[in-house]
Every structure is written in structure tokens, then in C-alpha cells.
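Welcome, and please load the model in your viewer. We will walk through it one selection at a time.

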Amino acid sequence: MGTRTLVTLGLTVVVTAAIAGQVATPAGDAKNGKKLFAADGCYQCHGYEAQGAAPTGPRLGPKPLAFPQFSKYVRQPTGQMPPYTVKSIPDKDLADIYAFLQSLPAPPEASSIAVLR
Ligand code: HEC
């Protein structure tokens with residue numbers, strides 16, 4: 001085996017290991033996530049559209065944290081947010097809430113606002 005083949009092989013192993021170690025973003029149901037976001041009380045601090053409210057909680061969408069960080073924060077928050085265990089929000093429900101956050105519309109482009117043109 002040539003050096004080149006060995007290098008390629010080594011890279012393949014590293015890349016495969018990196019992919020396997022990742023927690024993939026689960027496929028969630030955004031419509032159900034919207035309901036859960038209200039039913040589970042997220043809206044009380046983050047607003048119904050997850051838009052955030054300065055005194056109570058930050059904006060969460062439309063581009064939420066990557067799923068592994070998102071899930072970790074909800075389970076083990078480090079600030080004022082209360083923790084939600086698997087008992088209070090099962091993983092499936094959390095995937096739906098995440099899908100809801102991803103589905104939120106982006107704010108309009110500045111170029112679509114007449115006075116800014
Ligand atoms: C009692 C108020 C409260 C509730 C209820 C609440 N949060 Fe939060 N959340 C916060 C606050 C405040 C922060 C800012 C960091 C901190 O102090 O914990 C935060 C931060 C977050 C973050 C981290 C955002 C970032 O960019 O770092 C995520 C993700 C999050 N909340 C998701 C949720 C979800 C999902 C729910 C419902 C299951 C929820 N929160 C319910 C108050 C709340």
C-alpha cells in the first residue's frame with residue numbers, strides 16, 4: 001500500500017468516527033412542536049413564536065442551537081431557566097419542539113423594506 005492510500009484510509013476512519021459520534025438531529029413534527037411549546041410553558045419566557053422577550057428569555061428560532069446543544073441546555077440549563085427532565089418532556093416531544101423552532105420564518109430582508117432601499 002502506498003503512502004497516499006494509507007493517508008486516505010486514515011482520513012476515512014477519522015471522518016467516519018466523527019460522523020458516528022454526532023447526535024443526529026431527529027426528525028420532528030413542527031406542528032405538534034408548536035402545541036408543545038405552549039403546553040410545556042416554553043412560551044411563558046420565550047414568547048409564543050419563540051421570538052424572545054428581553055426580561056424573561058432569549059429568542060430561540062428560526063435558527064436554534066445545534067440539536068445536541070439545544071437538548072443539553074433544556075435538560076441542564078446553567079442560568080435562570082428551569083431544567084426539563086425526560087419525564088417532563090420526552091425526547092420525542094423535544095424533537096417536535098426543535099422542528100417547530102426550525103420552521104419559524106426568518107425576518108424579512110432589509111432590502112424588502114422600502115425606506116431602507
Ligand atoms: C421560566 C422561564 C423559562 C422557561 C419556562 C423556559 N425557558 Fe428557555 N431560557 C430561559 C432563560 C432566562 C434563558 C437564558 C439563559 C438562562 O438564564 O438560563 C433560556 C435559554 C434557553 C435556551 C438556550 C438559548 C441559547 O441560545 O443559549 C434554550 C435552547 C431554551 N431556553 C429552550 C427552552 C425550551 C425548549 C423551553 C420549553 C421546554 C424553555 N426554554 C422554557 C427561560 C425559560
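Start by selecting helix 3, which gives the most to the shell around the ligand, with 4 residues. Keep in mind as you look that this is a predicted model. Helix 3 covers 42-46, and helix 4, at 67-75, joins it in supplying at least two residues of that shell.

**Around the ligand**

Next, show the 22 residues around the ligand and pick out Cys42, Cys45, Gly57, Gly79 and Met81, which come nearest. Try colouring the shell by residue class: you should find 14 nonpolar, 7 polar and 1 charged residues.

**Along helix 2**

Now move to helix 2, residues 30-39. Which of its residues are buried? Select Gly33, Lys34, Leu36 and Phe37 to see them. Turn the view until you look down the axis of helix 2: these buried residues fall within an arc of 165 degrees, so they line one face of the helix. There is a general pattern to have in mind here: an α-helix has 3.6 residues a turn, so residues three or four places apart point the same way.

What do the buried residues of helix 2 pack against? Bring up helix 3 again, together with helix 5 (91-103), and you have both partners. Then rotate to the face of helix 2 turned away from the buried side, where Lys31, Ala38 and Ala39 are exposed. Before leaving, step just past the end of helix 2 to Gly41, which has a positive phi of about 85 degrees.

**The loop between helix 3 and helix 4**

Two stops await in this loop. The first is Ala50, located between helix 3 and helix 4. Its phi is near 60 degrees, a positive value in a residue other than glycine. Is Ala50 buried or exposed? Ala50 has 21 C-beta neighbours inside 10 Å, so it counts as buried, the cut-off being 20 or more.

For the second stop, select Pro62, found in the loop between helix 3 and helix 4 as well. Show the backbone between Gly61 and Pro62: the peptide bond joining them is cis, with omega at about 10 degrees.

**How confident is the model?**

Finally, colour the chain by pLDDT. The average is 87, and 80% of the residues score at least 70. Where does the score stay under 50? Select residues 13-20 to find that stretch, for which the model has 0 contacts beyond four places in sequence.

Note on methods:
Residues numbered from 1 in each chain as written. Predicted model: local features only at pLDDT ≥ 70, side-chain atom pairs only at ≥ 80, totals over all residues. Near = placed C-beta within 6 Å. Nonpolar A, V, L, I, M, F, W, Y, C, P; charged D, E, K, R; others polar. Buried ≥ 20, exposed ≤ 12 C-beta atoms within 10 Å, placed from the backbone. Arc of directions from axis to C-beta. Contact = placed C-beta atoms within 7 Å. pLDDT = per-residue confidence, 0-100.
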